Amino acid sequence: MKEIPFKNPGWAGNTGEFDLTEAEVRGEDFVGERPRAGGHPSGASAYPYMLAEKTPDAKLFEGDYQARFEKILSRYPNKQGALLPTLNLAQEVRGHVSPETMNEVAGLLGLSPAYVRGVTSFYTMYNKRPVGRYLIQVCTNVSCSLKGGDDVMAAFLRYTDTELGETSEDGLFTVIEAECLAACGFGPAVQINSQYYENVTPADVPGIIERLKAERAGSAG
Amino acid sequence: MAYPYVSDREVRLLSKSFGDPKGRRLETYVERGGYGALKKAFEMGPDAVIDEVKASGLRGRGGAGFPAGVKWSFMPKEPTRPHYLLCNADESEPGTFKDRELMRWDPHQLIEGVLIAAYAIRAKQAYIYCRGEFFETTQILAKALEDAYAGGYVGKDILGSGVDIDVTIHLGAGAYICGEETALMNSLEGRRGQPRVKPPFPAAVGAFGMPTTINNVETLSAVPHIVSNGGAWYRQWGTERSTGTKLFCVSGHVNKPGNYELPLGFPLMDLIEDVCGGMTNGKALKAVIPGGSSVPILTAAECKGVNLDYESVQAAGSMLGCAAVIVMDEDTHIVKQVRRIVDFYAHESCGQCTPCREGTAWLAKILRRIEDGKGAEEDLDTLLSVSRHMTGTTICVLSDSAAAPVVSSIQKFKDEYLALIRRGERAGVA
């Protein structure tokens, strides 16, 4: 695979007065590879990654995911309390939360399907329909907007050749507008799947897209 | 320490590990005296801990500024039912980005604060409610918590004291309103995140119907320092009524944006011109939002002489809120920025109260019309009238928050609104 020169705009480590690696800033050197089963139960509901691999027809839940689901259940005084973490987990596995998924989650937690739909529809992070392997969320709220968030958004739409909220033909990218990502000092901020990218400029966008495409080609080949 | 920039005017208590990757690790934290405050708290007993925090004058860092020790003292002293401690890590006010830094650089400081607070209010269960977008941050926090469990600092019989406290990380799923304390409780219970009517207050009926205390990440992160060194020590910084240090999140048009830990009462213009290295490209200052998107805007002239403590900012006609300082230069399009803020509130309104649900949507629509040059002068009266009916008429303050920037910007930057309206009218005539 060809090495793509890439200035990571993502971690504010190459700005400012600190000499840190990306892993040190992101904490990857500390966290490492996370177990799918969720590690200690205290953090089990904090584990969901937005994975590039999605398995829309996977069973809810089996194997490591069943283990994590049980850990999550053990931390709440009732099953309803586990609803948001369970939906997060279902989305991690399947990539989105369809009406069928909501029904299954309702069954797992002893809640009514209508109730679960009511809750799911309240929260914006539940994808109600399938999204691309990479969900690109661009913040255009006030602090990011002051630093050119709208231009970054336009660049992502242009280089992924998509409309807002639509998935690219190759199924790789969906670009959406995010409300404040709490990275206002390092704006414009962009979240791609689980990762934050900060101080992004329109000029950085092609490089980011190429890197993701290469990552995808690498993992498929 | 600010990250990614440093200023020698900072007082580094909570932020001393920012930019130091070793600071996340349990061994480093303990080596630097970490979890010593927890041991001391166990020796003091819960009531003495509450008294010490009261004596420090520490006020809630989430925005409202309510004294933390007083809040804790509302909890029943003899538990007959389970008590809960909630840590609000749903950081989502546009402009604020301090809790993320506190969690990713110094997770054990927060965990220790959570444990001390839970002990003081006699809770055996604590939840840290993180916003769902914080995947990377919560991974760090989860690893730190796992290490703390393994080290015997959390869980059953902590450090041989006989005290049991379990801490659980909970992730939200993208809703600004869940940062409101009662909405957060509903969300934690697996409901739609809609705020509850108060009273009953959380100390009587909170999460899962039980007595509950909820504090912001920054508030809890300050607690170990206060317990270790005493309330009087903490008062050496800040003013009489706004004590201690505060993380100021500076964003927008400054040369060195970032989090800076400064004593409360720090002059706003010094923050911009000295600490943050001045305005980007030497532009002139136009306006500052001093406390996150939901507080009134200050003009450059109003910023002169303002000190950043709860009382002074209020006297200047705004609020310190969560100390998210958004700096705008002379080229900033105020109407566009206000419209963007109102769009946000329209998107995030939970829809429960009519003035907010309808009001935010109409404000957004009218502002968009003005921005596009299709507005009329009467629109400004309509905006003010709608805003008036949105203030003080709803269960929570999201509605007031949407109205505040609209009203203050019309009062202070009316010319910009009128210029857009007149340009549109002229274009229409031509």
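Trainee: What makes I297(B), L298(B), T299(B), A300(B), M328(B), T332(B) and I334(B) count as residues that A287(B) touches?

Mentor: This is a predicted model, and touching is judged on C-beta atoms placed from the backbone, with a limit of 7 Å. The seven names meet that limit with A287(B), once residues up to four places away in sequence are set aside. A287(B) itself is found in strand 8 (residues 285-289) of chain B. One of its contacts, L298(B), is 11 residues away in sequence, yet the two C-alpha atoms are 5.6 Å apart.

Trainee: Why is A287(B) called buried?

Mentor: A residue is buried if 20 or more other C-beta atoms lie within 10 Å of its own. A287(B) has 24 within that distance, so it is called buried.

Trainee: What makes strand 2 of chain B mostly covered?

Mentor: Of the 6 residues in strand 2 (125-130) of chain B, 6 are buried by the same cut-off. Both faces are included: Q125(B), Y127(B) and Y129(B) point one way, while A126(B), I128(B) and C130(B) point the other way.

Trainee: How do you know that strand 1 and strand 2 of chain B pair?

Mentor: Pairing requires at least two bridges found by DSSP. Strand 1 (residues 84-89) and strand 2 of chain B have 6, in the parallel sense, and one of these puts Y84(B) with Q125(B). Strand 2 of chain B is also joined by 6 bridges to strand 3 of chain B, again parallel; there A126(B) has V167(B) as its bridge partner.

Trainee: Why is the unit of strand 2, helix 7 and strand 3 of chain B called β-α-β, and which hand does it have?

Mentor: The unit consists of a strand, a helix and a strand, and it is right-handed. With the strands pointing away from the viewer, the path from the first strand over the helix to the second is clockwise, which means a right-handed crossover.

Trainee: What makes strand 6 and strand 9 of chain B edge strands?

Mentor: They belong to an open sheet of 5 strands with the order 6-5-11-8-9 and mixed pairing. Strand 6 (258-263) and strand 9 (298-299) of chain B each have a single partner strand, so one side of each has no neighbour in the sheet. Further in, strand 5 (residues 245-252) and strand 11 (residues 324-329) of chain B pair in the parallel sense over 4 bridges, V250(B) being matched with V325(B).

Trainee: Which strands are the edge strands in the sheet of chain A?

Mentor: That open sheet has 4 strands in the order 2-1-3-4, with mixed pairing. Strand 2 (173-178) and strand 4 (195-197) of chain A pair on one side only, and this marks them as edge strands. The twist averages 25° from one strand to the next.

Trainee: How do you know that helix 8 of chain A packs on the sheet?

Mentor: Helix 8 (residues 149-160) touches strand 1, strand 2 and strand 3 (190-192) of chain A, and its direction makes about 155° with that of strand 1.

Trainee: How many residues of chain B are in contact with chain A?

Mentor: There are 68, set against 56 residues of chain A. Helix 7 of chain B supplies the largest share of that side of chain B, 11 residues. By type, the side divides into 30 nonpolar, 23 polar and 15 charged residues.

Terms used:
Residues numbered from 1 in each chain as written. Chains lettered and ligands numbered in written order. Predicted model: local features only at pLDDT ≥ 70, side-chain atom pairs only at ≥ 80, totals over all residues. Helix = DSSP H or I, 4+ residues; strand = E, 2+ residues; numbered from the N terminus. Contact = placed C-beta atoms within 7 Å. Nonpolar A, V, L, I, M, F, W, Y, C, P; charged D, E, K, R; others polar. Buried ≥ 20, exposed ≤ 12 C-beta atoms within 10 Å, placed from the backbone. Axes fitted to C-alpha atoms, helices over the stretch in contact; angles between N-to-C directions.
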